[in-house]
Amino acid sequence: MVGSRTSTEKLKNPKMIRSSFGSQPLSVHPSSSSFGFGSSSRGAFQRQYLSPEHAQAMGGNNSPGAIYNMLSSISKQPLSNNSTSAKFSFGTAERIGKANNKKGDRKTNMKPGPGAYKMPSSIASQIVSTKKSAATPSFGSSTRDNQQKLFLTTDHEKIHYGRHSPGPSIYQATSCFGIQQNARNRSSPMWRMSKSSRFEYDYEKRASKLPGAGQYVAGSSVGKMVVSQKKTMPKFSFGRGTRDAKAKLFTSADHEKSQYGKHSPGPTTSVTDSSMGRQILSRRSSHNAWSFGSAVRKTFKESEVPGPGAYD
């Protein structure tokens with residue numbers, strides 16, 4: 001009885017009502033489902049088995065990282081299945097002449113160096129008989145006149161043909177048009193204008209009696225045709241009827257309906273009663289009206305009790 005009374009007082013008192021979020025202490029109020037972040041670690045999730053395909057995808061996650069000691073493929077290989085590549089190094093033997101100095105050999109030290117020899121030039125005349133001197137071309141000292149008189153071969157002589165012959169402008173070449181004077185040249189066919197006089201036929205006399213092109217009176221093709229053989233085309237013009245005559249024209253009953261109200265007074269000529277306030281026509285109901293009260297203020301009796309500030 002005490003517990004039910006306490007819960008009833010809590011329900012009546014709004015200050016004692018608990019929040020609708022979270023776990024509800026009252027059994028009459030269902031607690032809503034709550035969600036939170038998982039407290040499991042990632043290591044436990046990785047150890048979870050779902051399917052064989054998922055286990056294959058997780059392969060290698062627990063293996064050590066790039067901590068393997070990868071041996072170099074250069075220089076000597078410690079593994080027997082890896083062949084060691086060939087290597088090269090500088091020789092450790094002493095230079096020529098250095099070892100002979102220790103033994104007291106002075107002949108090696110007496111030899112001249114590479115720059116002590118005097119090598120003759122391989123260009124121009126060679127002094128040593130075992131070396132052949134190369135041919136040395138030079139500019140000729142002969143004149144051009146002597147070169148023209150020099151006979152080399154018959155074919156070479158042909159290039160001088162016509163050198164002393166007259167130029168092309170000295171010859172008088174005949175035209176290739178018209179009659180050819182040389183019998184070996186064939187004359188091309190020729191055409192010429194006839195020498196007969198013009199307008200010697202009968203049409204000249206008849207043409208002189210006919211009027212010219214500008215003497216004919218050609219009628220216009222627009223408007224009314226004078227010649228009966230030509231058809232006059234229809235023509236259109238602006239109507240001369242007034243708007244008042246058109247308004248009196250009766251076309252149809254539906255067309256007459258469009259003229260309704262044309263001669264009626266406009267909207268500002270009639271006096272329209274206001275829809276606010278009291279309505280004059282009995283067919284219209286007047287709406288409720290409110291107004292300020294007209295009663296006199298302070299109708300109650302004033303109290304003779306002193307106010308809060310009157311006490312000493």
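Visitor: Where is the place of Ser75?
Guide: This is a predicted model. Phi of Ser75 is near 75°, a positive value in a residue that is not glycine. Helix 3 covers 52–57 and helix 4 covers 98–103, and Ser75 is placed in the loop between helix 3 and helix 4.

Visitor: Is Ser75 buried or partly exposed?
Guide: Buried would need a relative accessible area under 20%, and exposed would need over 50%. Ser75 has a relative accessibility of 47%, so Ser75 counts as partly exposed.

Visitor: In which loop is Ala124 found?
Guide: Ala124 is a residue other than glycine with a positive phi, near 75°. At 43% relative accessibility, Ala124 counts as partly exposed. Its loop is the one between helix 4 and helix 5 (144–149).

Visitor: Which side chains meet in a salt bridge?
Guide: The structure holds one salt bridge. Side chains of opposite charge can pair when their charged atoms come close. Here the N to O distance is 3.9 Å, and the side chains are those of Asp155 and Lys158.

Visitor: Is Asp155 buried or exposed?
Guide: The cut-off for exposed is over 50% relative accessible area. Lys158, with 46%, is partly exposed. Asp155 has 58% relative accessibility and therefore counts as exposed.

Visitor: What pLDDT does the protein average, and how many contacts does the stretch 99–104 have beyond near neighbours in sequence?
Guide: The average pLDDT is 77, and 86% of the residues score at least 70. Over residues 1–7 the pLDDT is below 50, and that stretch has zero contacts beyond near neighbours in sequence. Where pLDDT is low, the predicted coordinates should not be read in detail. Residues 99–104 also have a pLDDT below 50, and their count of contacts beyond near neighbours in sequence is five.

How values were computed:
Residues numbered from 1 in each chain as written. Predicted model: local features only at pLDDT ≥ 70, side-chain atom pairs only at ≥ 80, totals over all residues. Heavy atoms only, no water. Salt bridge = Lys/Arg side-chain N within 4 Å of Asp/Glu carboxyl O. Buried < 20%, exposed > 50% of the residue type's maximum accessible area, 1.4 Å probe, protein only. pLDDT = per-residue confidence, 0-100. Contact = heavy atoms within 4.5 Å. Helix = DSSP H or I, 4+ residues; strand = E, 2+ residues; numbered from the N terminus.
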